[in-house]
Amino acid sequence: MFKASQYKLQIFDSCPFQYKCIYIDGLADVYRQHRPYFTMGDNIHAALKDFMSVIPVQNRNLKIAHQLLRTKWRRMRKGFKDSEEEKKWGQKALLQIENFVCTQDLSITPFLVEDYHDTQIDQDLTLLGRIDRVDKIKNELHVIDYKTGKLVPEEINTLQLFFYSIILERKFRLPVKRASFHFLAENKIIDFEPKSADLEKTLLKIKKEVKRILAEKTFEASPNKYCSTCDFIGICPKKDLAQNQKQKENDLPF
Ligand code: SF4
């Protein structure tokens, strides 16, 4: 049984060696380096989860949301060089929370928040994903993925949202009528309406990619624009090429 997540497929697609390090050799915990943007993203997600699911509707306001962020931040504050750097990222996080609170409908109680979901496709394949939020309107679902990066990319890849839509439709037997990326830094929501044909096409693509992974023998390193944030650069067989990647960490869209 192959357990496929969208992230797993994405890692294999960008660098098979990195995939091997994480999913075959189990080296993620050994080489993990904490980074400010991951810490910020984790804390924003955790704060929004509680804000929309634990805090009663009448108490949802900016002060409470900021308090929640600070509570979550105390539990997880790794990856900063010093307190100045931590402050900079903390302020960015407060702003993203403010964007959310000041523009979103806070009276909604989501159907699901921040949890793992899976569905078995056949005897050889299960899809799984950690889904940020799902709203249920009448008997239709709206899946939302929060992006805590700074840029809305020019081209949006729908794979992640369609991947989640397949899981949700099969698991809850309800149609996903809307799927959205919410870019919190720019406070922009990009919506899609997944059609059955989109999901069928996505499932075929997933199966094809899984076949490619299962047939892989060499797991070669493939330097790409994310090498500067790869935890395995120290053991990478193409370390020199990887280090030459022009894109710097600060230019990454998250
Ligand atoms: S540094 Fe780049 S090429 Fe090397 S393993 Fe990481 S992602 Fe792959």
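Helix axes here are lines fitted to C-alpha atoms over the stretch in contact, and the angles between them run from 0 to 180 degrees between N-to-C directions. Keep that in mind for the helix pairs on this tour, and remember that the model is predicted.

**Stop 1: the whole chain**

Start with a cartoon of everything. You should be able to pick out nine helices and six strands in the protein chain. The radius of gyration is 19 Å, close to the 18 Å that the globule rule gives for 254 residues, so the chain is as compact as a globular protein of that length. Turn the C-alpha trace along its principal axes and you will find that it spans about 55 × 50 × 30 Å.

**Stop 2: α5 against α6**

Now select residues 62-75, which form helix α5, and residues 83-103, which form helix α6. The two pack at an angle of about 145°, and their axes are 10 Å apart. The crossing of α5 with α6 is right-handed. To see what touches, show side chains for L62, A65, H66, L69 and W73 on α5, then for G90, A93, L94, I97, E98 and V101 on α6. Coloured by character, this contact gives eight nonpolar residues, two polar and one charged.

**Stop 3: α4 against α6**

Keep α6 on screen and add α4, residues 36-53. What angle do α4 and α6 make where they pack? It is about 35°, with the axes 10 Å apart. This crossing, of α4 and α6, is right-handed. On the α4 side, select P36, M40, N43, I44, A47 and L48; their partners in α6 are E85, W89, K92, A93, Q96, I97 and F100. The residues of this contact divide into nine nonpolar, two polar and two charged.

**Stop 4: the two domains**

Colour 33-103 as domain 1 and 110-215 as domain 2, following the domain assignment. Their centres, taken over C-alpha atoms, are separated by 24 Å. At the boundary, 12 residues of domain 1 are in contact with 10 residues of domain 2. Which helix gives the most to the side of domain 1 that touches domain 2? That is α4, with eight residues. Helix α6 also supplies at least two residues to that side. Colour the domain 1 side by character and you get five nonpolar residues, six polar and one charged.

**Stop 5: the ligand**

Finish by centring on the ligand, which is surrounded by 14 residues. Label the closest ones: C15, C227, C230, C236 and A242. How does the shell around the ligand divide by character? It holds 10 nonpolar residues, three polar and one charged.

Definitions and conventions. Residues are numbered from 1 along each chain as its sequence is written. This is a predicted model: local features need pLDDT of at least 70, side-chain atom pairs count only at pLDDT 80 or more; totals for chains, interfaces and linings use all residues. A residue is near a molecule or strand if its C-beta atom, placed from the backbone, lies within 6 Å of it. Ala, Val, Leu, Ile, Met, Phe, Trp, Tyr, Cys and Pro count as nonpolar, Asp, Glu, Lys and Arg as charged, and the others, Gly among them, as polar. Helices (H or I, at least four residues) and strands (E, at least two) are DSSP runs, numbered from the N terminus. A crossing is left-handed if the near helix is turned anticlockwise from the far one by less than a right angle, and right-handed if clockwise. Two residues are in contact if their C-beta atoms, placed from the backbone, lie within 7 Å. Domain bounds come from an automatic or database domain assignment. The radius of gyration is taken over C-alpha atoms; the globule rule is 2.2 Å times the number of residues to the power 0.38.
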